[in-house]
Amino acid sequence: MRRVREILRYRFEQGLGHKSIAVRVGAAPSTVRETLRRAAIAELSWPLGDDVSDAVLEAALYKAGGTKTGHRRSPEPALYKAGGTKTGHRRSPEPDWAQVHRELKRKHMTLQILWDEYISRYPEGYRYSRFCDLYRGWAMKLPVTMRQDHAAGDKLFVDYAGDTVTVVVDRLSGKTRQAHLFVAVLGASSLSYAQARWSETLPDWIECHILALEYFGGAPALLVPDNAKVAIIKACHFDPQVNRTYCGMAAHYGSAVLPTRPRRPRDKAKVEAAVRIVERWLLGRLRHRIFYSLAEVNAAIGQLLHDLNDKRVLRRVGATRRQLFEELDRPALRPLPVERYVFAEWRIRRAGLDYHVEIERHYYSVPYRFAREQVEARITANTIEIFHKGERIAAHRRSSGNGKHTTIPDHMPSAHRRFADWTIERIQREASAMGPDVALLCERILADRPHPEQGFRACLGIIRLNKSFGRDRVNAACGRALEIGARTYGSVRSILDNHLDRTAASNGAAPHEPIHHANIRGPRYYH
């Protein structure tokens, strides 16, 4: 159902067509069309309510989907293209081809519209066919990095540079460590961003994306990485599997992840060229500097990025990257959400018989009806959220991996809840109030078990005998049980039922005084 929700979001929030949605979610256009048709029949509106779980959404789409209407698709109207003839040897005003190239990056902009504006201003200018020929001839002379057609605010290309930056982490020993360079570049304006990180792991990958989007001040429609393992779980031309955390981060900013095709570096030629420029512009200028922290590296990178984006004028375009960004990309970028994305990892777990889920050597409870069920855990720095088939069933504050349990009383069955408030200290306190023999017997029962919790029920049973037999009789029965070595609830209950607590402790007691000698063991020795 996650794919269905993404289809609805792209359709109703961004107004994308069937083919564009199909590319983003990795499905066939016919599947997208059928899903939207069923959503229309089910009268679903976006955004979906909090009460619309995956089960409810599936029932609404596929139990009341109806049948295909069979209506024939009406032909779309043909586009009118004005012809035009060449003007011969007449000199015509030359358009600003760099401006034409920038305008074509805007959404819904075509050469036909630009020629109409040109000819209305200069009636003696080039005809449409000559206008197009001259522009294509000019565009063929552009550098490779500008040859691709990228719409404004559409794509953000991301990658790691192949070379690293050396950082001295210990001034005394001279020990060094290599920092990796993350690079992001917008397709239309080529505005570039770079950040040094210690590793290329998922937390650093996500953090670099967040900082890049905050640097640009907006979010693009698509994030275009290569097929690195940190971003793509399974590389496939038709149906790539993107890391769920990466997808969650992109969805938080209203974007989608569109990885390049496997073994097709030309799909991300923009970022490959940007990486090469950044390596030459940054690493080449920093080769003689010595850095002692990652903050020093990023401060130096920030100064050089300012020169690259704001001062260096692109040839053939006649503008800086910052000027192109303000003109093209900034108006088209989506605004950033109010709250920053919180890094979260997903883990698949199975609830145990005790309806607890183990995460990082700590056990968190779920409602007891989900025992033995497979669940998904969303892990952040402070919280643990547990989902079952897309529905959140539990939320906990994250605890340290100490092997202990975090249990919410509402998750427990009623039979278990009655014992939840009892602890070892409370049992000892209740037993001491009933008598010294009861306290001693409960202490021995708890000490004999490998885990004290295993003796809870026996001690609770002995304490609750007070309601039926009274405190004095229970204390006497516990004393008799200690003398005969019977340390179970059943033995104490049997002594009370047979009134053995009222008889002498030993049937063969001698009438004379006991003999005290160092070599004679008394009855207490065996306790």
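In the predicted model, strand β1, which spans residues 155-168, runs parallel to strand β4, formed by residues 222-224, and three bridges join the two. Within this pairing, K155 has L222 of β4 as its bridge partner. Strands of a sheet pair through backbone hydrogen bonds, in either a parallel or an antiparallel arrangement.

Strands β1 and β4 belong to an open sheet of five strands, whose order is β3-β2-β1-β4-β7. The pairing in this sheet is mixed. Its edges are formed by β3 (192-197) and β7 (256-257), each of which pairs on one side only. Helix α11, comprising residues 294-310, packs on this sheet and touches β1, β2 (176-186) and β3. The direction of helix α11 makes about 170° with that of β3.

Another open sheet consists of four strands in the order β10-β13-β14-β15. Here the pairing is antiparallel, whereas that of the five-stranded sheet is mixed. The edge positions are taken by β10 (345-350) and β15 (391-397), and each of these strands pairs on one side only. On average, neighbouring strands of the four-stranded sheet are turned by 25° against each other when direction is ignored.

Within the four-stranded sheet, the edge strand β10 pairs with strand β13 (residues 374-379) in the antiparallel sense, over six bridges. One of the residue pairs in this arrangement involves E345, whose bridge partner in β13 is I379.

Note on methods:
Residues numbered from 1 in each chain as written. Predicted model: local features only at pLDDT ≥ 70, side-chain atom pairs only at ≥ 80, totals over all residues. Heavy atoms only, no water. Pairing = 2+ DSSP bridges. Contact = heavy atoms within 4.5 Å. Axes fitted to C-alpha atoms, helices over the stretch in contact; angles between N-to-C directions.
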